[in-house]
Amino acid sequence: MRRYKRTLAVGALVGMVVGGTVGWVGGGGEAAVTGGPPGVGAWRGAGLPEPEGMSAERVAAYFGGLSRERQKALAETYPLVVGNLDGAPVALRYAANARALAADGRFGQYAGQRVLAFDPRGRGQVAVVYGDLAAARNVAVVVPGSDIDAGHSAPLLDQATSLRRATGGRTPVIAWAGYTTPVGVGLDAATGDLAEAGAERLARFTDGLAATGSPAPSLFCHSYGSVVCGLAAAQLKAKDLVVLGSPGMRADNARQLHTSARVWAAKDPTDWISKVPNVRFAGLGHGTDPASPAFGARVVPASDAVGHNGYFAPGTQSLRTFAAIATGEAR
């Protein structure tokens, strides 16, 4: 009987994903952007250190050994490399990415913003910082789910700015669209391939924050972004993992994440994600609901949030709790 119920659940999951009964169907087979930063060929040709062979700590040490004039010259000559090197000085990355964005011309919405990463490959990736990382006592990073990329980041930026306001402007918030997300509710969203690639990039991103002196961040992982955070958890330099509207973290419980970070979960009663079976079978599904008591996460109240994207809405219990976590006040 247990196997029969499990088969039914998997069948329901496949039906939802392929038939689109919990949203709309998007295409499958998105190609994840992986490997070193864009423009690395010319960088290598100049005999500069191999980026893929350098940890964030080594990147920080390398730039720390250069004069300001040499740092500036590298950022001007290789903006796409320097702007995406986790561990490079933050202000230098801002300058490099401003130069790369101006040269690209497609993403004018980021003009004048603090862009910590910009990768034009594929659908485009970007990380935008709200606040001053250099003076931060706490940092928050928002990790998005499906449909977010450099050209379609408005929902993510809205979440980040809402959280920033809710902290009273005390905590810098990074909107991190730094991985290839699924498009719609399709097979990519039901499998872990894109999340595995994203987890590697997210772990390196937090390594870069640590290497440049930022405190361990609180990560707010929405929807498929929580799968990314779950797979990255053991490697992340983070003090909190907060998942909201999660389909699962590819773990049966919080202990299996193998993280010292505090794990929190929120799910509102109107979120359609509740209709997705929490199973993992034959590569489909993401496992136990992190908001269930059996998972063992700390509960974020979310009874007044509405829908799958309502957790950062002003005045909600979820946003107030997120702000308390981001500022270090939540216990």
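Trainee: Starting with Ser223, does it count as buried or exposed?
Mentor: Keep in mind that this is a predicted model: local features need pLDDT (the predictor's confidence in each residue, from 0 to 100) of at least 70, side-chain atom pairs count only at pLDDT 80 or more, and totals for chains, interfaces and linings use all residues. Buried is under 20% relative accessible area, exposed is over 50%, and partly exposed lies in between, with a 1.4 Å probe and protein chains only. Ser223 has 10% relative accessibility, so it counts as buried.

Trainee: Where is Ser223 found?
Mentor: Residues are numbered from 1 along each chain as its sequence is written, while side-chain values use heavy atoms, leaving out hydrogens and water. Helices (H or I, at least four residues) and strands (E, at least two) are DSSP runs, numbered from the N terminus. On that scheme, Ser223 is in the loop between E5 and H10.

Trainee: Which residues is Ser223 in contact with, leaving aside its neighbours within four places in sequence?
Mentor: Contact means heavy atoms within 4.5 Å. With those neighbours set aside, Ser223 is in contact with Gly145, Leu244, Gly245, Ser246, Pro247 and His308.

Trainee: What is the phi of Ser223?
Mentor: Most residues other than glycine have a negative phi. Arg250, in the loop between E6 and E7, isn't a glycine, yet its phi is positive at about 60 degrees. Ser223 isn't glycine either, and its phi is positive, near 55 degrees.

Trainee: Which residues form a disulfide?
Mentor: A disulfide here is a pair of cysteine sulfur atoms within 2.5 Å, and searching the whole structure turns up one. The two sulfur atoms are 2.1 Å apart, and both cysteines are buried. The pair is Cys221 and Cys229.

Trainee: And why is the disulfide of Cys221 and Cys229 given a hand, left or right?
Mentor: The hand comes from the torsion about the S-S bond. For Cys221 and Cys229 that torsion is about -85 degrees, so the disulfide is left-handed.

Trainee: How many of the nine residues of H10 are buried?
Mentor: The list runs Tyr224, Gly225, Ser226, Val227, Val228, Cys229, Gly230 and Ala232. They pack against E3, helix H8 (187–190), H9, E5 and E6. H10 is largely enclosed by the rest of the structure, because the number of its nine residues that are buried is eight.

Trainee: In what order do the strands form the open sheet?
Mentor: Strands pair if DSSP finds at least two bridges between them. The pairing is mixed, and the edge strands, E1 (114–119) and E8 (298–299), each pair on one side only. The eight strands run in the order E1-E2-E4-E3-E5-E6-E7-E8.

Trainee: What angle does the direction of H10 make with that of E5?
Mentor: Axes are lines fitted to C-alpha atoms, for helices over the stretch in contact, and angles run from 0 to 180 degrees between N-to-C directions. H10 (residues 224–232) packs on the sheet, where it touches E3, E5 and strand E6 (240–244). Its direction and that of E5 make an angle of about 135 degrees.

Trainee: Over which residues does pLDDT stay under 50?
Mentor: The mean pLDDT of the chain is 90, and 90% of its residues reach 70 or more. Where pLDDT is low, the predicted coordinates should not be read in detail. The stretch where pLDDT stays under 50 is residues 1–26.
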